[in-house]
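Q: Please take a close look at the cysteines of this protein. I would like to know how they are paired and placed, and what the surrounding core looks like.

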Amino acid sequence: MKELIRITESCGKQAVSARELHKFLEINTRFDMWCKRMIEYGFSEGMDFCTILSESTGGRPSIDYALTLDTAKHWSMMQRNDRGMQARNYFIEIEKRATKPLSQLDILAQSVQILQEQEKRVQQLETEQK
């Protein structure tokens, strides 16, 4: 499965960057206003998301939110558009794969895919350095 939205580890849980989700969902509302509106639906810090401050580049640090996968699914569906449905289905599939035991063939196929992606990244980096 192609990675649509990067899933990381943050605050001890699998998490999604609210900024990356905002970009993927093609939200026209400014990021800070959109997050404030989403949080007002009853999501709570520490349970559904945690605040992340990035390093300052001369000004104020930018704020991002590490959303749990469930929160990312909720926020995606609240957009009521095709990208929201696509994101929600992606998160559901990720969750299914995490709970479903993999066969040796599945593990081998995933390993090959990871190695191919790493090789592409190395080639891109080599090309950029030239």
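A: The cysteines come first below, then the core and one surface patch.

This is a predicted model, in which local features need pLDDT of at least 70 and side-chain atom pairs count only at pLDDT 80 or more, while totals for chains, interfaces and linings use all residues. Residues are numbered from 1 along each chain as its sequence is written, and side-chain values use heavy atoms, with hydrogens and water left out.

A search of the whole structure finds one disulfide, the term meaning a pair of cysteine sulfur atoms within 2.5 Å. Its partners are Cys 11 and Cys 50, whose sulfur atoms are 1.8 Å apart. The torsion about their S-S bond is about 95°, so the disulfide is right-handed. Cys 11 lies in the loop between strand S1 (7-10) and strand S2 (13-17), and Cys 50 lies in strand S3 (residues 49-53), so the pair ties together parts that are 39 residues apart in sequence. Strands (E, at least two residues) and helices (H or I, at least four) are DSSP runs, numbered from the N terminus.

Cys 11 is exposed, at 51% relative accessible area, whereas Cys 50 is buried, at 11%. Here buried means under 20% relative accessible area, exposed over 50%, and partly exposed in between (1.4 Å probe, protein chains only). Cys 35 is in no disulfide; the nearest cysteine sulfur, that of Cys 50, is 13 Å away. Cys 35 is buried, with a relative accessible area of 1%.

Next, the core. A nonpolar core is a set of buried Ala, Val, Leu, Ile, Met, Phe, Trp, Tyr and Cys residues joined through side-chain atoms within 4.5 Å. The largest one has 22 residues, of which Ile 5, Leu 21, Trp 34, Leu 67, Trp 75 and Phe 91 touch the most other members. Two or more residues come from each of H1, H2, S4, H3 and H4. Leaving aside residues up to four places away in sequence, Ile 5 touches Val 16, Leu 21, Phe 24, Ala 87, Tyr 90 and Phe 91; contact means heavy atoms within 4.5 Å.

In helix H3 (residues 69-77), the buried residues are Leu 69, Thr 71, Ala 72, Lys 73, Trp 75 and Ser 76. These pack against S1, S2, helix H1 (18-24), helix H2 (31-39), strand S4 (63-68) and helix H4 (82-99).

Last, the surface. Leu 105 lies in helix H5 (residues 104-129) and counts as exposed, at 64% relative accessibility.
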